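Here is a short tour of one protein model, written for someone new to reading structures. Have a look at the picture and the sequence, then follow the points below.

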Amino acid sequence: MSWTTPQGWMLIIIKSAADDAPSSSPAFLWNPLTGDKLSLPNISKEHDIPQQCKCLLSHKDPTHHACVVVLFHRTEPDMWCCRVVAGVAYGSWRRYTYNIGDSAEQDGGGTIDGVPFAVARLPPPAPTRS
């Protein structure tokens with residue numbers, strides 16, 4: 001499986017279809033222009049990340065000390081993320097279900113390994129005249 005990022009990197013997850021597949025799949029960032037490869041933590045089977053995701057990096061340079069790789073599900077309020085520290089696998093992948101502001105019970109946002117993120121609540125659109 002693979003996803004492209006706006007920064008030109010690709011997230012690659014090598015999944016095995018075999019019944020006796022390991023309990024986790026290797027993951028890495030790859031720059032197709034330079035051939036650079038940055039290791040990421042393996043992704044355990046419990047995450048089951050779907051192909052219908054958008055991949056983003058929190059920084060232009062994925063070797064930035066606070067860079068986070070984030071996969072946003074395109075139709076569900078789910079995201080998966082991990083940190084990259086100078087291309088070394090750090091921590092583990094985590095899955096979050098977030099609120100996009102349509103529930104009064106939660107605020108959108110939180111932190112990922114200490115890095116804050118926010119989901120902005122936008123005011124309703126102004127009525128249009130026909």
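Let us begin with one contact: the side chain of D78 makes a polar contact with the side chain of T97, at 2.7 Å. A polar contact is a pair of N or O atoms within 3.5 Å; within protein, one must be able to donate a hydrogen and the other to accept it, and residues adjacent in sequence count only if both atoms are side-chain atoms. This is a predicted model, in which local features need pLDDT of at least 70 and side-chain atom pairs count only at pLDDT 80 or more, while totals for chains, interfaces and linings use all residues. Residues are numbered from 1 along each chain as its sequence is written, and side-chain values use heavy atoms, with hydrogens and water left out.

**Around D78**
- D78 sits in strand β7; strands (E, at least two residues) are DSSP runs, numbered from the N terminus.
- With a relative accessible area of 9%, D78 is buried, where buried means under 20% relative accessible area, exposed over 50% and partly exposed in between (1.4 Å probe, protein chains only).
- Leaving out residues up to four places away in sequence, D78 touches L71, F72, H73, R95, Y96, T97 and Y98; contact means heavy atoms within 4.5 Å.

**The salt bridge**
- Side chains of opposite charge can pair when their charged atoms come close.
- The count here is 1 salt bridge, defined as a side-chain nitrogen of Lys or Arg within 4 Å of a carboxyl oxygen of Asp or Glu.
- R95 and D78 form a salt bridge through their side chains, at 2.9 Å from N to O.
- R95 belongs to strand β8 (residues 88-97) and D78 to strand β7 (residues 78-85), so the pair ties together parts that are 17 residues apart in sequence.
- R95 is partly exposed, at 42% relative accessibility.

**Strands β5 and β6**
- Side chains alternate along strand β5 (residues 53-57): C53, C55 and L57 point to one face and are buried, whereas K54 and L56 point to the other and are not.
- β5 runs antiparallel to strand β6 (residues 68-73), and 5 bridges join them; two strands pair if DSSP finds at least two bridges between them.
- L57 has V69 in β6 as its bridge partner.

**The whole chain**
- The protein chain has 10 strands and 0 helices.
- Of the 130 residues in the protein chain, 33% are buried.

Definitions and conventions. Helix = DSSP H or I, 4+ residues; strand = E, 2+ residues; numbered from the N terminus.
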